[in-house]
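This report looks at cysteine links and at one pocket. Please keep the sequence and the structure in view while reading.

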Amino acid sequence: MRRTTAGLTAFIAMTGAFIVLPVYVAPGPAPEPVAPSVDTIALGSFAASTDSTEVAEDTVGGAPAGSAAPAAPAEPTGSSPAVGQPAEGGDAEEIDPPATGEEVPGLPALTVSRPESAPFSAVGVTWERDDSVDDVVAQVRVRAEGGSWGSWTRLEKDDAEQTDPGDGVRDGTAPYYTGPASGMEVIVQALDGSSPRDVRIELIDPGTSPADAAVTESRALDEAEAATPMPPVYSRAQWGADESIRAWDPSYAPSIKAATIHHTADKNSYTADAVPGIMRAIYAYHTISRGWGDIGYNVIVDKFGRAWEGRYSGSRGIASPVVGAHAGGFNTGTFGVSMLGDYSTTTPSEAVVDTVAALVAWKLSLYGVDPRGTTTLVSGGGGTAKFAAGTSVRVPTVFGHRDVGSTSCPGQSGYAKLGDIRTRAAAFVAASMAHDPRGSVDSLAVTPSGVTAAGWAYEPDALSSRAVVGLVIDGAKVSGTSVTEARPDVDAAFGVGPNHGFRVSALLSHGVHDVCVYVENSAGPGSAVRLGCAEVNFTNRAPVFSVDQFAEQADGTVRISGWAFDPDGSPPELQLYDNDRGRAYTTTVARPDVQAAFPAAGPTAGFAITVGPLTGGHRLCLFVADTVAAGNNVFDGCRDLRYREPLGSLDNVVETTTGELRVTGWAMDESSAQTALDVHVYVNGRGTAIGAGGSRPDIGRAFPGAGDAHGFDATLPAGAGSNRVCAFAINVGIGGVNPLLGCRTVSTEYVAPDGVVDAYAPVGDGRLRVSGWAVDRSVPAAPVGVHFYVDGQYQRAVQATNSRPDIASAFPGAGPQHGFSEIFDLAPGQHSVCVFAINLGTAGTNPLMGCRTVTVHDRPPVGSVDSIAAAGAGQLRVSGWAFDPDAPARSTTVQVSVDGVDQGSFAADASRPDVGRVYPEAGAAHGFSIDLAAPPGQREVCVSARSTDIRTTPTLMRCERVTV
């Protein structure tokens, strides 16, 4: 069951002594989820009688109710093992008394014998949850797939335990890995004389995967023995966890106070390849058979020193204080690490101890806990807990399960290693923490638009620099800030200087979010440090809206209508963007139907927007803005509209007496019938733009209302020999198709340099890129000079030496070095740009490759001032977003004036995911939130956005009078 926090307004204090964040082993060869299967055999319930031969239900496992369990059932091959012979693997306990495989005299027993069953690899026994049932013992022996019976093995009550059982949670023994088997015999008794109900045998087949063998023992040992604060952890995906069976969302404790060490009480003879299957078996048993919805332990360490991710930890990852199901009454605030195997008499290997110590060091250091210290835990009671609910218990920060529960876990030999684990963990911490950043979160508070964290931080290796603190929300980094605020108390405590305070904010959308605060490490060998996490419930709801109509009209307009309202009462704002040009609208249309369904919407929740008439290509994007909490802005999506393609014809191409080509024809765009189009004509790949505005009465007669001005007639330079001429009509809009009007091939005698200006392309902020190619076929391998003129004035000369492999293909022997690309800084406005190819011979002409009238735009910044408001005595806060469409990926600045006095420029570089969604080319880093000092009283505050071209005047976005 997911636990959520109703709202976080009080402060959360967290210590700042931490080491590295989690490291996951790179995935092996294509691991895939493996669906386990669980075959349940119902044994029924015990009778109240103490007669050992009685059972409370009807026949089970082929044995009639009231009959004794067979002491030595018939076996397919061989004979029953001798009493006292260890179970397969040599590490399981035998029951003494009585003899293994026999019932305890005087107690009820449930038995089953199935020499043939569905294949399985693990077995467990469960029963209806009952705190009065304490000492259930199950004796199990299995028939291997090869046909031989193994020894009897005693299964005791499970070490792991859910703290807060819900519906469907069952008590049970620990799961026992048998290896592949296809038959079993079971005897179940309650040694304390209690009467378990609804007893079941769970036969688990964890399935197989080729990826199980890909995680080799040698590779894992290398990683486990690496001298790092945290060993690699194999992910749930790598052991084949089938997440579809998990019915549990993670719950998080406020912090981690201690680590609990366990063992699984399983056999120790497993191979490295078998471990993924064992993990799946434990997962299926805990998730399905026990009804916990997930595996109980946070991490499991196998005997080879490899660590495996256990309980699912959600978007926060295993570094978070996720609540496990491993120590009843003490699950919250503890980190459960279990050693895979039985360590009652077997001593854990060095690899196991090293990995457990490294995991404990890493996890406790994240929360400022000394592995050699002690802490106070409050018992949740229930189950096997030694202490009643509400009891405060003082324990070591690294303790064994037996310290708080009625269990022998982690076994006598495992428990003896706890001192060694504490010592090694402390050594890991000491080696790492010397260079890590330090800090504390003093408060983490919900604001009207999101969340703000405040506290202090510094880097021991870079005290004079400004540490960077950021927020991670739902697993994604969304904002960051430098630590600059005055904190004389921090200086007094640590002697690090006064300016180590921070305040960092982020927008939130309605709902519950995981919010973590971290400080980056920019100097020395340390690592980034998580200062703390909390679950935050942002209650400001998102606008509710519906688009009823989004339709193109016959006159070329687009009509958009619908309704919108904010459940929190603030009037929403509709923002429509047409090819990235935005305009805001309000809800002013009466919609009594909406008010009837949603009384909070009021009488005028409707909107009706008409755009156009439009020509060419358009991208219309609509979203509804929450005028209080920008994180709640609701995006309706974008519609791409493309209007009709131009029509036209290349009528004729003829050679003139001067060796040039005369090109004639017509072109028209029906979506803007009276507009004179541009036509691009390419001669041997060299393009020239000409206007189609000449008189063509025949076109006017064919298209009434279009007029006659749709013809083109131009003379263009040509090369010697065959010339290929192609013409394209250019769509009136900024999108759409530029259709081919036709091509002709004409031969001429004239020889001159060839070349094409491929593009006159604005690159933002008054800059124009002119690119193309030039080649002189009389000396094809030599570089051709190119001269540029702007507004009739010579600008510069370059050599066409850039690589153009297409030119090498088109002109054999010329080679590829015939391209050019130059950038010019131009003032805003119209300019004539002409490009000439310079003849390499001693005679001949320098042909004009292209002349284009271009308009250089310095588009004004795009942005919004979301809020201008008082932020306390003598303080103003201005927030919003802005960017320059001429350089969308770069950060721009905003200027703020108060009563006409400039307060300075501020970077608009904070995270605004909603801006990134609407403007993918710009990204999210364009938000600003500015705190200013201002004298009390009414003040006029104006906010302007600057273009990234500093030659331009800032664009005023908003002025507002505010009372400070």
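C834 counts as buried at 12% relative accessibility, where buried means under 20% relative accessible area, exposed over 50%, and partly exposed in between (1.4 Å probe, protein chains only). Its partner C851 is partly exposed, with a relative accessible area of 31%. The two cysteines form a disulfide with sulfur atoms 1.6 Å apart; a disulfide is a pair of cysteine sulfur atoms within 2.5 Å. The link of C834 and C851 is right-handed, with 45 degrees about the S-S bond. It connects distant parts of the chain, since C834 sits in strand β45 (residues 829-838) and C851 in strand β46, 17 residues apart. Strands (E, at least two residues) and helices (H or I, at least four) are DSSP runs, numbered from the N terminus.

This is a predicted model, in which local features need pLDDT of at least 70, side-chain atom pairs count only at pLDDT 80 or more, and totals for chains, interfaces and linings use all residues. Residues are numbered from 1 along each chain as its sequence is written, and side-chain values use heavy atoms, leaving out hydrogens and water.

The structure holds 5 disulfides. With the bonded cysteines numbered in sequence order, the pairing is 1-2, 3-4, 5-6, 7-8, 9-10. Three of the links are set out here.

| Pair | S to S distance | Torsion about S-S |
|---|---|---|
| C621 and C638 | 2.0 Å | 110 degrees |
| C726 and C743 | 2.0 Å | 115 degrees (about) |
| C834 and C851 | 1.6 Å | 45 degrees |

C621 lies in strand β29 (residues 617-625) and C638 in strand β30 (residues 634-642), so this pair ties together parts 17 residues apart in sequence. C621 is buried at 6% relative accessible area, while C638 is partly exposed at 27%. In the pair of C726 and C743, C726 is buried at 15% and C743 is partly exposed at 22%.

Strand β46 (848-856) also supplies at least two residues of the lining of the second largest pocket, as do β33, β34, β39 and β40. A pocket here is an open set of points on a 1 Å grid over the protein atoms alone, where a 1.4 Å probe fits, with protein on both sides within 12 Å along at least five of seven lines; lining residues have an atom within 4 Å of a point. The lining has 41 residues, with Y760, P762, R852, T853 and V854 nearest the centre. The largest share, 8 residues, comes from β39.
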